[in-house]
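These notebook entries record what I looked up in one structure, beginning with its interior and ending with a pair of helices.

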Amino acid sequence: MEDLPEALVTEILKRITRTSDLNSLSLVSKQLYKIEGNQRGAIRVGSGLCTATEALTSLCARFTNLQKLEIDYSGWILEHGNQLDNKGLFVFSSHCSSLIDLTLSFCSYIDDSGLGCLAHCKKLVSLRLNSAPKITSYGLLSVAVGCTSLSALHLIDCEKIDSVEWLEYLGRDGSLEELVVKNCKGINHHDFLKFGSGWMKLQKFEFERKRGIYDCVPGDVVYDSSYDAHSMDIYDFCCESLKDLRLAHIKTWPEVGLRAVLGKCKALEKLCLEYVQALNDNDMIALSRSCSNLKSISLWLNLQRYSSDISYCETRTSFTDNSLYALALNCPMLQIVDLSFTGCAADWPSEIGFTQQGFLVLIQSCPIRVLVLNTANFFDDEGMKALSSSPYLEILELILCEAVTDAGMCFIGQTPRLSNLKLRLCHEVTDVGVSELGHARKLESLVIECCSKVSLQGARGVAKSVHYSSNFSDALMKAIGIGVY
């Protein structure tokens, strides 16, 4: 190996993708150690990293072309030794001139002064802060001012970030294309209205409010089902470049806030709304009219109180069939639909604003390729029969769909392109229904999780790949959205 030309060795190393293999090869010879270090573009460090300045400087000297750095202290305890601190981050930021992507996870020794060192990283494009307990808004402002190439910012579980001067500065600069904020209790969704002209360039936006213990329980507030937040342009900003939008656990009443974004996203391709309070059909109608390119929609809905008449109040999920009709009419490119309903009782189907009739209008109007239904109490075997004629459906996932039985399995097995089927907590499906799927011989993959009347023996051989589990807790976690996607 020592006699091979360096260019050839470099080309060989480029074809090795596993980090463990690269680490092993670098120990074979000094030549491999040097070449592998020069070409390594990404490293991930954490517990066990020697934080002495000399050791960090040596590490940076080895990886001279480092572009992506992840520092992760998840699971760290004092017995693991010291974490990387401000001085250590200064070593990385001052020696890694090519750094474009930095992730800091559970770094409890780094504060605002350490974050300020990132001003040395003039090429830094992406910064992710995950559970950074000492970082405040001042540290973020120093990043916004110093890192002039920054285009992607992720903030997750950053408890001390509250004021939004950094957000206003980034908005005026207008360089951000991706902004993700999750579980930062000091940041409200109304704060993002201060982002101003920054919305124009933004392509991906995600905001998840830090949730409370009673978030999925209907409160005492009654929302107006006829209120139209889009009848007049309340906020003067434009987000026509936005392609990917996710809003979770936010309250859009009495102040509209980010609700106004739904009617402004002309380029939107992917929408995810998770337990957003006070939305109604007018929001979905406004969105559908402006988003003809919409390809994916995920609606996770819980029970809320609505009234359009002071004398009548109903408890149901946010949207009705009118929303489905609007999507069917205005979104001809819709391919992925994920509908999840929380807190809705099977014996009270009216708690879900959708009906099977409205749902099937959507399915039959759009080229749906992937469909996920979670606790869809309106959906039964007749729905499966209608679904079986869907010409584009490839992936179907049913979770806690109690009205789907073996008869539904007989129908769905005839779906022309269906190749992947997942059944979780579907207790009315038995080995008999699963065997019907095997007769069709179309499935590439079958997943059965905690369907009490389906046995491992009954699932075997039904598809080319079969995953079977009877673990109730795992299936339930996936059903309520923990650890899914």
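**Entry 1: a cavity and its lining.** I listed the residues that line the second largest cavity and found Ile412, Gly413, Thr415, Leu418, Leu437, Ala440, Lys442 and Leu443. I note at the outset that the model is a predicted one. By class, I sorted this lining into 5 nonpolar, 2 polar and 1 charged residues. The charged class holds Lys442, while Gly413 and Thr415 fall in the polar class. For the volume of this second largest cavity I recorded about 40 Å³. In the structure as a whole I counted 3 cavities of 30 Å³ or more.

**Entry 2: a sheet of three strands.** I next turned to an open sheet, in which 3 strands follow the order β8-β12-β13 with mixed pairing. Which strands stand at the edges? I found β8 (222-224) and β13 (312-316) there, each having a single partner strand, so one side of each lacks a neighbour in the sheet. On average, neighbouring strands in this sheet are turned by 40° against each other, with direction ignored.

I then looked up the pairing of β12 (residues 304-309) with β13, and entered it as antiparallel over 4 bridges. As one position to inspect on screen, I marked Arg305, which stands opposite Thr315 in β13. As a general reminder, I wrote that strands of a sheet pair through backbone hydrogen bonds, either parallel or antiparallel.

**Entry 3: two helices in contact.** How do the axes of α9 and α10 cross? I noted that the axes of α9 (residues 281-290) and α10 (residues 321-330) come within 9 Å and cross at roughly 0°. Angles under 35 degrees count as roughly parallel, and I therefore entered α9 and α10 as roughly parallel to each other.

On the α9 side, I listed Asp281, Met284, Ile285, Ser288 and Arg289 as making the contact. On the α10 side, the contact is made by Asn322, Ser323, Ala326, Leu327 and Asn330. I divided the residues of this contact into 4 nonpolar, 4 polar and 2 charged. The charged residues, Asp281 and Arg289, belong to α9.

Technical notes
Residues are numbered from 1 along each chain as its sequence is written. This is a predicted model: local features need pLDDT of at least 70, side-chain atom pairs count only at pLDDT 80 or more; totals for chains, interfaces and linings use all residues. Side-chain values use heavy atoms; hydrogens and water are left out. Axes are lines fitted to C-alpha atoms, for helices over the stretch in contact, and angles run from 0 to 180 degrees between N-to-C directions. Angles under 35 degrees count as roughly parallel, over 145 as roughly antiparallel, 65 to 115 as roughly perpendicular and the rest as oblique. Contact means heavy atoms within 4.5 Å. Ala, Val, Leu, Ile, Met, Phe, Trp, Tyr, Cys and Pro count as nonpolar, Asp, Glu, Lys and Arg as charged, and the others, Gly among them, as polar. On a 1 Å grid over the protein atoms alone, a cavity is a set of points where a 1.4 Å probe fits but cannot get out, and a pocket is an open set with protein on both sides within 12 Å along at least five of seven lines; lining residues have an atom within 4 Å of a point. Grid points are joined across faces, edges and corners, and a volume is the space filled by probe spheres set on the points. Two strands pair if DSSP finds at least two bridges between them.
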